[in-house]
Amino acid sequence: MTKYTTKRLPRQTGPAGWNAILPEQLALPVLEQDLTVDITVIGGGFAGLSAARRMHQLDPSLKVAVLEAGRFADSSAGRNSGFMIDLPHDLSSDNYAGDGLEADRAEIALNRRAIGFAKGVSAECQMPDEIFDPCGKYNAAATRAGDKHNRDYVEHLKRLGEPCEFLDKAQIHEVTGSPHYTSGVFCPGTVMLQPAGYIRGLSQLLAGQIDVFENTPATGFERQGNGWQVMTPKGKIATGTVVLANNGHLESFGFYQRQLMHICLYASITERLSNEQTKTLGGQARWGVTPADPMGTSVRRISGSYGDRILIRTCASFHPTIETSPMRVRNAGWVHDRKFAERFPHLNGVRMEHRWAGMLCLSRNGSAAFGELDQGVFSACCQNGLGTARGTLQGMGVAELIVQGTSDIADHFLAQPELPKLPPEPFAALGANTYLMWKEWRSGKE
């Protein structure tokens with residue numbers, strides 16, 4: 001009998017700050033009895049919820065169940081920076097440019113389909129701009145090297161025929177209120193999410209259409225006749241198809257062993273700024289900055305019912321165990337405080353209210369872990385640090401592949417090269433963490 005048993009369950013470090021600043025969360029049910037469905041989706045993040053929604057769109061008669069190990073929006077889906085980017089955003093490059101004009105145009109078209117899908121979710125859930133804001137983003141530089149990266153990126157976007165605007169030091173200062181930046185590139189196609197608010201909204205929407213369970217980890221699944229039986233702590237699900245949309249924890253079920261890189265990123269978000277602090281800061285009420293060097297510091301200013309706040313996200317570490325430690329969150333917090341002071345020296349006395357860690361899943365060659373792994377078992381994992389857009393896209397693609405039997409989105413991921421193996425431990429962790437520290441050091445003021 002074919003059986004897959006999870007080696008570990010997701011464990012989060014620190015509160016999901018995006019979730020913590022929202023009002024109290026409406027609880028969704030825990031699976032406490034046996035159930036029979038057509039399709040079971042394991043993972044309630046961008047990929048899993050998008051897959052479930054797309055399946056319901058394609059065939060409302062399908063019985064679909066989504067299992068989230070913890071609370072919705074408390075996992076990695078509520079721990080990212082909230083940039084849903086349409087343009088090429090290769091984190092391994094110097095300036096985000098991809099593998100050539102045609103490849104970049106294809107990627108842009110796919111990313112915009114994901115954004116269009118998310119826009120539909122936003123409209124149906126009546127999400128306000130503070131949750132789903134199609135306001136664009138800024139690629140900001142703070143050094144001569146960063147300025148060059150920005151100018152190179154502008155030239156690349158022009159060759160692609162993509163609109164953008166180069167901002168000088170005074171112009172980017174006017175947007176951000178920060179004297180730190182020396183130039184910026186405005187890219188109008190990015191959507192800025194309050195990711196926890198978006199995931200909450202989508203999970204609540206689906207709860208009225210399909211079976212949606214939280215605090216219900218899948219502990220394993222085994223072959224049962226022509227289908228599968230999924231085990232959870234309090235109930236079992238008989239299902240024809242299993243979709244693994246649990247990103248790095250795909251490896252916990254025994255798939256893609258030694259092929260997935262588990263990278264942790266760290267973030268801090270301030271307390272509510274006072275009216276006086278907001279006036280001192282200046283700039284626009286909402287904006288998002290990605291650094292000119294991909295290993296630099298992402299910054300967002302948000303405003304809305306949760307107050308006027310600033311988010312800092314930087315520092316990275318490699319963890320084969322798919323979890324980090326409170327000590328690393330604390331150490332990253334010291335770096336965040338320094339980065340905040342560099343960018344906003346006029347905001348003395350502002351403290352960080354929440355600090356947290358969030359796991360990414362990458363492959364060495366940028367390929368996804370996507371497709372059919374066993375008869376009736378599919379994967380939509382490994383978003384390579386682009387979880388909001390890429391996760392949404394993989395969810396759409398796997399849903400179309402299962403329900404329709406074909407999908408051009410799925411074809412895109414299925415055509416990618418096989419994921420290469422990682423070096424053995426401890427060499428993988430030592431090499432990856434040394435490389436990440438070097439890249440962060442090289443990014444400097446960025």
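This section describes the overall build of the chain, its helix packing and several individual residues.

The model is predicted. The protein chain contains eleven helices and 20 strands. Its radius of gyration is 21 Å, close to the 22 Å given by the globule rule for 446 residues, so the chain is as compact as a globular protein of that length. Along the principal axes, the C-alpha atoms fill a box of roughly 65 × 45 × 40 Å. Of the 446 residues, 60% are buried. Long-range contacts were also counted. Among contacts between residues at least 6 apart in sequence, 77% join residues at least 24 apart.

Helix α3 covers residues 101-125. Its 25 residues should span 36 Å at 1.5 Å a residue, and the end C-alpha atoms are 36 Å apart, which agrees. The buried residues of α3 include the charged positions D104 and E107. Also buried in this helix are I108, L110, N111, A114, I115, F117, A118, V121 and S122. Just after α3, Q126 adopts a positive phi of about 55°.

Helix α4 comprises the 17 residues 144-160. From first C-alpha to last it reaches 24 Å, close to the 24 Å expected at 1.5 Å a residue. Buried in α4 are G146, D147, H149, N150, Y153, V154, H156, L157 and L160. These buried residues pack against helix α3 and against three strands: β6 (137-141), β7 (165-167) and β8 (183-187). The residue that follows α4 is G161, with a positive phi near 80°.

Strand β7 holds E165. This residue has a relative accessible area of 42% and is therefore partly exposed. Leaving aside residues up to four places away in sequence, E165 touches G184, V185 and F186. E165 and F186 lie 21 residues apart along the chain, with their C-alpha atoms separated by 5.0 Å.

Two helix pairs involving α2 were examined. A packed pair is described by the angle and the distance between the two axes. Helix α2 (residues 46-58) and helix α6 (residues 195-207) have axes that come within 10 Å and cross at roughly 30°. This crossing is left-handed. From α2, the contact draws on F46, L49, S50, A52 and R53. From α6, P195, Y198, I199, L202, S203, L205 and L206 take part. By class, nine of the contact residues are nonpolar, two are polar and one is charged.

The second pair joins α2 to helix α9 (residues 387-404). Here the axes come within 7 Å and cross at roughly 40°. The crossing of α2 and α9 is right-handed. On the α2 side, the residues in contact are F46, A47, S50, A51, R54, M55 and L58. They meet G387, T388, G391, T392, G395, M396, V398, A399, E400, I402, V403 and Q404 of α9. The contact of α2 with α9 divides into ten nonpolar, seven polar and two charged residues. F46 and S50 appear in the contact with α6 and in the contact with α9.

Within α9, I402 was considered further. Not counting residues up to four places away in sequence, I402 touches I39, M55, T241, V243 and F378. Of these, M55 belongs to the α2 side of the contact between α2 and α9. I402 and D59 are 343 residues apart in sequence, yet their C-alpha atoms are 11 Å apart in space.

Positive phi values also occur at two loop residues that are not glycines. C382 has a phi of about 65°. It is found in the loop between β20 (377-381) and α9. C382 counts as buried, because its relative accessibility is 1% and the cut-off for burial is under 20%. N215 has a positive phi of about 50°. This residue sits in the loop between β10 (211-213) and β11 (220-224). With 39% relative accessibility, N215 counts as partly exposed.

Key:
Residues are numbered from 1 along each chain as its sequence is written. This is a predicted model: local features need pLDDT of at least 70, side-chain atom pairs count only at pLDDT 80 or more; totals for chains, interfaces and linings use all residues. Side-chain values use heavy atoms; hydrogens and water are left out. Axes are lines fitted to C-alpha atoms, for helices over the stretch in contact, and angles run from 0 to 180 degrees between N-to-C directions. Helices (H or I, at least four residues) and strands (E, at least two) are DSSP runs, numbered from the N terminus. A crossing is left-handed if the near helix is turned anticlockwise from the far one by less than a right angle, and right-handed if clockwise. Contact means heavy atoms within 4.5 Å. The expected span of a helix is 1.5 Å times one less than its number of residues. Buried means under 20% relative accessible area, exposed over 50%, partly exposed in between (1.4 Å probe, protein chains only). The radius of gyration is taken over C-alpha atoms; the globule rule is 2.2 Å times the number of residues to the power 0.38.
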